[in-house]
Amino acid sequence: MHCCSCIARRSYINMDSKEFAKLKRMDESLKLTKEIDCVVYTSELLEMDEEGADQPMAAERDTWSKGVEFLFSCIALSVGLGNVWRFPFIALENGGGAFLIPYLVVLLLVGRPIYYLEVIIGQFSSRGCIGAFDLAPIFRGVAYGQVYSTALATTYYACIMALTIRYLVVSFSEVLPWTYCLAEWGAQCVATGATANDSSNISTSLQGKSSAELYFTQTVLREPYSLDEGLGTPSKEMILCLLATWIIIALTLVKGIRSSGKASYFLALFPYVIMLILLVRALTLPGAWNGIVYFIQPQWSQLLNPHVWYAAITQMFFSLAICFGTLVMYASFNDFSKRVHKDVIIVTTIDSFTSILAGCIIFGILGNLAHETNVTDISKVVKGGAGLAFISYPEAIAKFKYLPQMFAVLFFFMLLVLGIGSNIGMATCVINVIKDRFPHLQHWQLAIGASIVGFLCGLVYMTPGGQFILNLVDFYGCTFIALVMAIAELFAFSWVYGVKRLCSDIEFMLNVKTGFYWRICWAIMAPGLMFLVLVYMLVSYEPLTYKGVEYPEAAYMAGWLIWGLGVAQLPFWALYTIYQQPGHSFLTKFRLALQPTKDWGPRQPQKLQAYLLHRQKVVESKQRRGNFFFDNIFG
């Protein structure tokens with residue numbers, strides 16, 4: 001394939017001096033120059049000799065075996081642990097049922113539009129998250145930062161899966177190990193089994209700690225009070241559980257999307273079978289309805305609290321896995337003409353429905369726990385984050401008089417499946433970035449290599465102080481970086497590449513016009529709200545703590561270093577891209593770096609030719625509506 005610039009130069013040589021001067025007078029903006037080059041490139045493509053036409057445009061990219069595999073893979077990616085333990089607790093502490101109002105508003109203004117935007121970019125370009133930024137090369141650092149953040153999340157997400165496997169294995173015991181006290185726990189332990197004296201469990205927070213909490217912190221994690229004495233050494237049991245997690249991930253990814261696509265049927269659908277079983281069981285427990293009412297009862301005064309809206313945006317952001325590069329990567333395997341807007345609506349709706357369903361299940365069972373222990377305030381039996389899954393819920397199961405082992409197995413197997421589905425998506429994103437850079441490598445080599453690296457990195461989380469490190473990496477390496485990269489991504493897509501051109505590309509690809517709802521959300525609402533979240537996060541920033549315990553100064557320095565490495569991808573790749581551009585002045589190079597690359601468009605040669613002709617017609621009939629801002633949104 002001839003390079004566009006070479007073809008353009010050859011066409012200039014064939015012009016006489018007057019024609020060449022006339023063309024250069026038209027070159028008042030570098031953007032127009034790029035469009036002219038692409039028009040020349042199109043005419044040359046159409047007149048290619050047979051030898052040139054036979055040359056491949058790019059290495060052939062994998063595609064889904066069936067279109068529905070994309071849908072199920074997205075469901076498995078988006079519906080994860082955050083729906084089961086993060087959403088119920090976040091909703092509870094931010095207004096209960098009233099939290100659903102900002103949550104659904106944010107779904108419509110931020111979650112769904114960004115989800116659709118990333119899917120469209122990936123499908124149109126058939127490129128991974130790095131290649132997708134060929135539309136605005138100066139922002140390629142956004143993709144590298146997202147991959148960096150996703151890789152960090154993959155390592156610690158697998159460690160949560162290791163905890164789930166540990167609990168799943170011991171759930172087959174004749175007596176659940178968190179239902180009774182061990183001698184080394186001392187007199188502070190209060191047994192939570194169904195045979196324990198219920199009167200002794202009243203307000204255990206005042207008398208001591210439950211056996212479920214002590215089993216998690218002392219037996220499973222062996223957690224210290226602080227990091228003053230170091231991280232410690234990992235236990236053999238947790239190392240084996242982490243190894244099992246990465247073996248599952250490696251086997252699922254060994255053939256790329258051909259294997260992970262098949263696994264998506266099970267990963268996406270099976271958790272709902274278990275959820276329905278648990279829901280039926282929860283609704284039949286004494287006190288369950290009190291827990292559910294407590295969960296959904298609105299606290300209307302919370303709607304005026306800015307923290308509630310901050311919590312809604314961040315929950316939606318991480319629940320749907322937007323702006324992490326994974327959605328662009330999954331969509332790049334789609335058929336070029338797939339009508340993805342229906343899939344987007346289905347996935348985002350199911351994700352929100354699952355969060356509410358999980359909340360009803362969790363609080364129904366916690367309502368039963370409060371009933372069994374004669375606690376009137378249900379918040380006394382609720383712990384946030386991992387504590388909800390590994391302390392509160394096991395404690396509630398311990399009170400079941402019939403088949404507690406079965407319901408423990410069902411719950412932790414559901415968590416495992418949900419976690420594996422999300423982790424598969426994140427690991428696939430990282431692997432495909434390497435695959436796109438080194439196409440000669442086989443999928444099985446990359447899957448095994450990534451799993452070995454992930455396992456070795458994950459060992460630090462298996463130490464007694466591992467949860468401190470997990471909390472640190474989650475905040476500085478994922479949450480903080482992801483918000484910065486999300487804003488940069490939205491600016492690149494909506495304002496540098498432009499909503500107007502994006503809508504033109506959608507019309508070319510799907511033959512549908514984009515409505516004002518999507519345009520306004522892409523250009524104004526989504527980036528504006530994400531920017532406000534970042535400002536609120538910076539203004540309200542306080543030194544990170546874990547269970548109220550501050551980190552050593554060295555840990556904070558390490559956290560900021562992790563954050564700095566991710567955010568530094570933006571200026572580094574921007575400067576590198578500018579340096580690579582032709583031209584003599586910095587301004588010329590800068591303007592060129594803002595423009596799409598010469599080969600931007602569909603990867604298939606025939607569709608690329610058609611797209612360049614389409615762009616030629618758009619340029620020739622170019623009409624601006626009002627100023628740049630108005631034209632970009634409504635043009």
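How many Å should the 33 residues of helix α16 span at 1.5 Å a residue, and how far apart are its end C-alpha atoms? Select residues 340-372 to find out. The expected span is 48 Å, and the end C-alpha atoms are 48 Å apart, so the two agree. This is a predicted model, and the values along this tour are computed from it.

**Stop 1: helix α16**

Keep α16 selected and switch on a surface for the remainder of the protein. Of the 33 residues of α16, 24 are buried, so the helix is largely enclosed by the rest of the structure. Step off the end of the helix to Asn374, which sits just after α16 and has a positive phi of about 60°.

**Stop 2: the whole chain**

Clear the selection and look at everything. The protein has 26 helices and 4 strands. It contains 635 residues, of which 57% count as buried. Now consider contacts between residues at least 6 apart in sequence: 83% of them join residues at least 24 apart.

**Stop 3: the largest nonpolar core**

Which residues have the most contacts inside the largest nonpolar core? Select Trp178 and Phe411, the two that do; the core itself has 206 residues. Add helix α20, residues 466-510, which supplies the largest share of this core with 28 residues.

Next, centre on Phe411 and show what surrounds it. With neighbours within four places in sequence set aside, Phe411 is in contact with Val84, Leu278, Ile362, Ala389, Tyr393 and Ile397.

**Stop 4: helix α19**

Select residues 443-458. These 16 residues form α19, which reaches 22 Å from its first C-alpha to its last, close to the 22 Å expected at 1.5 Å a residue. Colour the buried positions of α19: His443, Leu446, Ala447, Ser451, Gly454, Phe455 and Gly458. They cover an arc of only 160° around the axis, which puts them on the same side of α19. As background to such a pattern, an α-helix has 3.6 residues a turn, so residues three or four places apart point the same way.

What do the buried residues of α19 pack against? Display α8 (140-170), α11 (236-253) and α18 (404-437), since these are the packing partners to look at.

**Stop 5: a cavity**

There are 7 cavities of 30 Å³ or more. Take the second largest, which holds about 60 Å³ of space. To outline this cavity, select its lining residues: Leu163, Val220, Leu221, Met238, Tyr461, Met462, Thr463 and Gln467.

**Stop 6: two loop residues with positive phi**

Go to Ser126, in the loop between α7 (100-125) and α8. Ser126 is not a glycine, yet its phi is positive, at about 50°. Is Ser126 buried or exposed? Its relative accessibility is 6%, so Ser126 counts as buried. Show its contacts beyond four places in sequence: Arg61, Ser332, Arg603 and Gln604.

Then move to Cys323, found in the loop between α14 (306-319) and α15 (326-331). Cys323 also is not a glycine and has a positive phi, here of about 65°. At 1% relative accessibility, Cys323 counts as buried.

**Stop 7: Trp518**

Select Trp518 in helix α21, residues 516-539. Its relative accessible area is 15%; because buried means under 20%, Trp518 falls in that class.

Which residues does Trp518 touch, not counting those up to four places away in sequence? Add Arg112, Pro113 and Tyr116 to the view. Draw a distance between the C-alpha atoms of Trp518 and Pro113: the separation is 6.1 Å, although the two residues are 405 residues apart along the chain.

**Stop 8: Lys547**

Finish at Lys547, in the loop between β3 (545-546) and β4 (549-550). Its relative accessibility is 55%, so Lys547 counts as exposed. Outside its neighbours within four places in sequence, Lys547 is in contact with Thr217 and Glu223. For a last distance, pick the C-alpha atoms of Lys547 and Phe468, which are separated by 9.2 Å and lie 79 residues apart along the chain.

Conventions:
Residues are numbered from 1 along each chain as its sequence is written. This is a predicted model: local features need pLDDT of at least 70, side-chain atom pairs count only at pLDDT 80 or more; totals for chains, interfaces and linings use all residues. Side-chain values use heavy atoms; hydrogens and water are left out. The expected span of a helix is 1.5 Å times one less than its number of residues. Buried means under 20% relative accessible area, exposed over 50%, partly exposed in between (1.4 Å probe, protein chains only). The arc is that of the directions from the helix axis to the C-beta atoms. Contact means heavy atoms within 4.5 Å. A nonpolar core is a set of buried Ala, Val, Leu, Ile, Met, Phe, Trp, Tyr and Cys residues joined through side-chain atoms within 4.5 Å. On a 1 Å grid over the protein atoms alone, a cavity is a set of points where a 1.4 Å probe fits but cannot get out, and a pocket is an open set with protein on both sides within 12 Å along at least five of seven lines; lining residues have an atom within 4 Å of a point. Grid points are joined across faces, edges and corners, and a volume is the space filled by probe spheres set on the points.
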